[in-house]
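Trainee: Have you got a few minutes to go through this model with me? I'd like to start with the overall layout and then pick at some details.

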Amino acid sequence: ADAALRQGAVSLEQLTEQVDAVATWPHSSRAASMLRLVDGRRESVGESRCGVALAMAGIDVTPQVAIRDEHGDFVARVDFLVDGTMVVIEFDGKVKYAAGDPTVLWHEKRREDRLRRLGYVVVRITWAQLERPGAVAAAVRAALRPTDAR
């Protein structure tokens with residue numbers, strides 16, 4: 001549903017109409033749950049699954065946030081920012097690194113260094129964590145603890 005919204009294949013209104021149309025069907029609560037969790041700003045299946053895991057854990061995030069430095073210069077667009085905090089969540093799939101180009105890894109390291117210099121805490125989530133219930137929430141909650149508790 002996230003991809004369909006992002007690509008313009010369907011609107012939120014159309015999704016809502018279809019969910020309403022099946023409201024009396026068995027298991028229609030699944031469609032209603034999808035509607036509460038859908039967000040077309042997510043850019044991959046991994047980001048969608050991460051967003052759902054965070055929502056299920058009660059962690060409020062905003063996807064695709066542009067981070068700027070103290071001069072207003074663009075630093076990075078992050079997958080998620082935990083609302084009201086300086087905690088960034090990045091989903092790391094293999095596609096970005098699949099070609100084995102070391103400059104891709106170097107660019108990502110420099111980007112993360114710039115975020116950290118601005119005071120952000122970066123949490124990286126992988127497919128393996130998405131497969132373990134609670135692992136995503138645990139990683140983010142650990143980052144949300146005060147610095148002296150880490």
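Trainee: What pattern does the protein chain follow, read along the sequence?
Mentor: The protein chain runs α-α-α-α-β-β-β-α-β-α-α. That comes to seven helices and four strands. Bear in mind that this is a predicted model.

Trainee: OK, predicted. What is the mean pLDDT of the protein chain?
Mentor: The mean is 92, and 93% of the residues reach 70 or more.

Trainee: And which element has the lowest mean pLDDT, and which the highest?
Mentor: Helix H5 has the lowest, at 91, and strand S1 has the highest, at 98.

Trainee: What does the C-alpha trace span along its principal axes?
Mentor: It spans about 50 × 35 × 35 Å. Of the 150 residues in the protein chain, 34% are buried. Among contacts with a separation of 6 or more, 48% are between residues 24 or more positions apart.

Trainee: Back to H5. How many residues has it, and how far does it reach?
Mentor: H5 covers residues 102-117, which is 16 residues, and it reaches 23 Å from its first C-alpha to its last. The expected value at 1.5 Å a residue is 22 Å, so the two are close.

Trainee: Which residues of H5 are buried?
Mentor: Glu-108, Arg-111, Glu-112 and Leu-115 are the buried ones. They cover an arc of only 95 degrees around the axis, which puts them on the same side of H5.

Trainee: Why would residues a few places apart point the same way?
Mentor: An α-helix has 3.6 residues a turn, so residues three or four places apart point the same way.

Trainee: Which residues are exposed on the other side of H5?
Mentor: Pro-102, Trp-106 and Arg-117 are exposed there.

Trainee: And what do the buried residues of H5 pack against?
Mentor: Four strands: S1 (61-68), S2 (74-82), S3 (87-92) and S4 (121-126).

Trainee: What about Gly-119, just after H5: what phi does it take?
Mentor: Gly-119 has a positive phi of about 100 degrees.

Trainee: Fine, that one's a glycine. Which residue in the loop between H2 and H3 should I look at?
Mentor: Look at His-27, which sits in the loop between helix H2 (12-21) and H3. His-27 has a positive phi of about 65 degrees although it is not a glycine.

Trainee: Is His-27 buried or exposed?
Mentor: Exposed, because its relative accessibility is 56% and the cut-off for exposed is over 50%.

Trainee: And Gln-64, what phi does that have?
Mentor: Gln-64 also shows a positive phi without being a glycine, at about 55 degrees. Gln-64 lies in strand S1. Its relative accessible area is 16%, so Gln-64 is buried.

Trainee: Next to His-27 in the list I have Ser-28. Where is the place of Ser-28?
Mentor: Ser-28 is in helix H3. At 14% relative accessibility, Ser-28 counts as buried. Not counting residues up to four places away in sequence, Ser-28 touches Val-22 and Ala-23.

Trainee: Changing topic: pockets. What volume has the second largest pocket?
Mentor: About 150 Å³. Its lining includes Arg-36, Asp-39, Arg-41, Arg-42, Gly-51, Asp-60 and Pro-63.

Trainee: Which elements each supply at least two residues of that lining?
Mentor: Helix H3 (28-37), helix H4 (45-56) and S1 do.

Trainee: While we're on H4, what is Arg-49 in contact with?
Mentor: Leaving aside neighbours within four places in sequence, Arg-49 is in contact with Trp-127, Leu-130 and Glu-131. Arg-49 is in helix H4, and with a relative accessible area of 32% Arg-49 is partly exposed.

Trainee: How far apart are the C-alpha atoms of Arg-49 and Arg-117?
Mentor: They are separated by 29 Å, and the two residues are 68 apart along the chain.

Trainee: Last one: where is the place of Ala-1?
Mentor: Ala-1 is in the segment before helix H1 (2-6). Ala-1 is partly exposed, with a relative accessible area of 46%. Apart from neighbours within four places in sequence, Ala-1 is in contact with Leu-15, Met-34 and Val-38. The C-alpha atoms of Ala-1 and Ser-11 are 9.7 Å apart, with those positions ten residues apart along the chain counted as their separation.

Methods:
Residues are numbered from 1 along each chain as its sequence is written. This is a predicted model: local features need pLDDT of at least 70, side-chain atom pairs count only at pLDDT 80 or more; totals for chains, interfaces and linings use all residues. Side-chain values use heavy atoms; hydrogens and water are left out. Buried means under 20% relative accessible area, exposed over 50%, partly exposed in between (1.4 Å probe, protein chains only). The arc is that of the directions from the helix axis to the C-beta atoms. Contact means heavy atoms within 4.5 Å. pLDDT is the predictor's confidence in each residue, from 0 to 100. On a 1 Å grid over the protein atoms alone, a cavity is a set of points where a 1.4 Å probe fits but cannot get out, and a pocket is an open set with protein on both sides within 12 Å along at least five of seven lines; lining residues have an atom within 4 Å of a point. Grid points are joined across faces, edges and corners, and a volume is the space filled by probe spheres set on the points.
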